[in-house]
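Visitor: I should like to learn how a structure of this kind is read, feature by feature. May we begin with a single residue and work outwards?

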Amino acid sequence: MGKLVLAAKVSHVPSLMLSEAPDSPLKQARAPAVEALCELGRRARTREVTTFVVFDTHWLSNFGYHINANAQHRGSFTSHEAPHMIQDLRYDLPGDTALAEAIAAQAQGTGLKVLAHKVPTLGLEYGTIVPMHYLNPDGWAKVVSIAQPLFTTLDESRALGEAVRRAIDQSDERVAILASGSLSHRLWPNKDLGPDAWTSIASEFNRQVDLRVLQLWQERRYAEFIAMLPDYAVKCNGEGGMGDTIMLFAALGWDAYHGAAEQLCDYFPSSGSGQVNVEFHVS
Ligand SMILES: [Fe+2]
């Protein structure tokens with residue numbers, strides 16, 4: 001029987017990888033978040049994860065849910081959205097076609113519009129590539145990446161997350177789920193972009209709500225968090241409607257989940273958004 005052995009909310013901001021340049025001014029600012037992602041990778045290895053399932057809020061779709069079911073993810077990625085930040089980033093990671101197709105079948109069984117694709121030229125987005133760079137750098141585990149539709153509902157994303165869990169439980173895999181996306185996500189407007197934008201929040205309201213959310217998670221007050229999630233996603237400019245977080249909690253058991261939330265680095269701003277790395281324990 002398959003098992004969910006690790007679940008986490010993770011950041012995928014490009015400044016993580018930019019901070020690796022020898023002369024990067026972001027080195028210190030991003031070091032705790034980088035270490036947190038590396039620690040999640042070590043934990044995944046220790047727990048003998050065989051497949052990472054990534055809810056990628058940077059892979060946004062207009063029509064339906066999509067799953068990258070390729071047997072191998074191989075390519076050189078330049079971000080359309082931020083080509084000055086991510087260029088020619090090579091990746092070569094094994095996929096998990098069987099689990100991807102099982103997730104699609106489970107979701108389709110609930111009436112959800114979801115497709116699993118085996119198209120060699122369908123590459124990964126940086127919401128998957130960046131976390132894998134730290135957690136799965138040499139492709140020691142398989143990867144399934146799931147897109148986030150722009151025009152969907154909380155109920156649909158919840159159904160997708162629940163389908164993921166059923167597919168995991170019925171598989172032969174030891175799975176880590178990563179909800180890859182921001183907390184709040186108001187970015188700095190163009191005219192205000194500058195060196196300070198990397199490390200400052202664009203909305204104090206958003207920062208205050210993000211900190212409250214982290215407190216609720218620490219206190220395991222998940223039912224209250226889920227009750228506020230629809231408003232949080234809208235009023236704090238959720239990345240992809242916070243679909244990654246909706247799917248994560250659906251996979252964990254929704255408001256019946258009572259595990260510990262372990263914050264692995266301080267909350268940090270990036271380009272105006274709110275970021276964090278948190279493991280949600282499933283043992
Ligand atoms: Fe993003």
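Guide: We may. Cys 236 is placed in the loop between α7 and α8. Please keep in mind throughout that this is a predicted model.

Visitor: Is Cys 236 buried or exposed?

Guide: The class follows from the relative accessible area, and buried means under 20%. Cys 236 has a relative accessible area of 1%, so this residue is buried.

Visitor: Which residues is Cys 236 in contact with, leaving aside its neighbours within four places in sequence?

Guide: With that exclusion, the contacts of Cys 236 are Ser 184, His 185, Arg 186, Phe 205, Asn 206, Val 209 and Asp 231. Sequence separation and spatial separation may also be set side by side: Cys 236 and Gly 274 are 38 residues apart in sequence, and their C-alpha atoms are 9.6 Å apart in space.

Visitor: What is found for Asn 237, which is in the loop between α7 and α8?

Guide: Its backbone deserves attention, as phi of Asn 237 is near 60°, a positive value in a residue other than glycine. Asn 237 has a relative accessible area of 27% and is therefore partly exposed. Arg 220 also has a positive phi, near 55°, and is likewise not a glycine. Arg 220 lies in the loop between α6 and α7, and with a relative accessible area of 43% it is partly exposed.

Visitor: Let us turn to the metal. Which residues are the protein donors of the iron ion?

Guide: One reads a site from its donor atoms and their distances. Here the iron ion has as protein donors His 12 through NE2, His 58 through ND1 and Glu 239 through OE, at 1.8 to 2.1 Å. The spacing of these donor residues in sequence is H-x45-H-x180-E. His 58 belongs to strand β2 (residues 51-61), whereas Glu 239 is in the loop between α7 (222-235) and α8 (243-252), so this pair ties together parts that are 181 residues apart in sequence. His 58 and Glu 239 are both buried.

Visitor: How should I read a pair of aromatic rings?

Guide: Two quantities describe such a pair: the distance of the centres and the angle of the planes. In this model the count of aromatic pairs comes to 13. For Phe 225 and Tyr 232, the ring centres are 6.2 Å apart and the planes stand at 75°; planes over 60 degrees apart count as edge-to-face, so that is the class of this pair. Both Phe 225 and Tyr 232 are buried. Ring pairs also join Trp 217, Tyr 222, Phe 225, Tyr 232, Phe 249, Tyr 257 and Phe 280 into a cluster.

Visitor: At what angle do α6 and α7 pack?

Guide: The angle between two axes gives the orientation, and the handedness of the crossing is stated separately. The axes of α6 and α7 are 10 Å apart and make an angle of about 160°. Angles over 145 degrees count as roughly antiparallel, and α6 and α7 are therefore placed in that class. The crossing of α6 and α7 is left-handed. On the α6 side, the residues that meet α7 are Phe 205, Asn 206, Val 209, Asp 210, Val 213, Leu 216 and Trp 217. Their counterparts in α7 are Tyr 222, Glu 224, Phe 225, Met 228, Tyr 232 and Lys 235.

Visitor: How do the axes of α5 and α8 cross?

Guide: The axes of helix α5 (residues 154-169) and α8 come within 7 Å, with a crossing at roughly 45°. These two helices, α5 and α8, are therefore oblique to each other, and their crossing is right-handed. Residues making the contact include Leu 154, Ser 157 and Arg 158 of α5, and Gly 243, Ile 246 and Met 247 of α8.

Visitor: How many residues of helix α4 are buried?

Guide: Burial may be counted along a whole element. In helix α4 (residues 126-135), 9 of the 10 residues are buried, so this helix is largely enclosed by the rest of the structure. Among them are Tyr 126, Ile 129, Pro 131 and Leu 135.

Visitor: Is Ser 283 buried or exposed?

Guide: Ser 283, in the segment after β12 (278-280), has a relative accessible area of 94% and is therefore exposed. Ser 283 and Leu 187 are 36 Å apart, C-alpha to C-alpha, and 96 residues apart in sequence.

Definitions and conventions: Residues numbered from 1 in each chain as written. Predicted model: local features only at pLDDT ≥ 70, side-chain atom pairs only at ≥ 80, totals over all residues. Heavy atoms only, no water. Donors = N, O, S within 2.8 Å, 3.2 Å for Na, K, Ca; no water. Helix = DSSP H or I, 4+ residues; strand = E, 2+ residues; numbered from the N terminus. Buried < 20%, exposed > 50% of the residue type's maximum accessible area, 1.4 Å probe, protein only. Phe/Tyr/Trp six-rings, centres within 6.5 Å; stacked < 30°, edge-to-face > 60°. Axes fitted to C-alpha atoms, helices over the stretch in contact; angles between N-to-C directions. Parallel < 35°, antiparallel > 145°, perpendicular 65-115°, else oblique. Left-handed = near helix turned anticlockwise from the far one by under 90°. Contact = heavy atoms within 4.5 Å.
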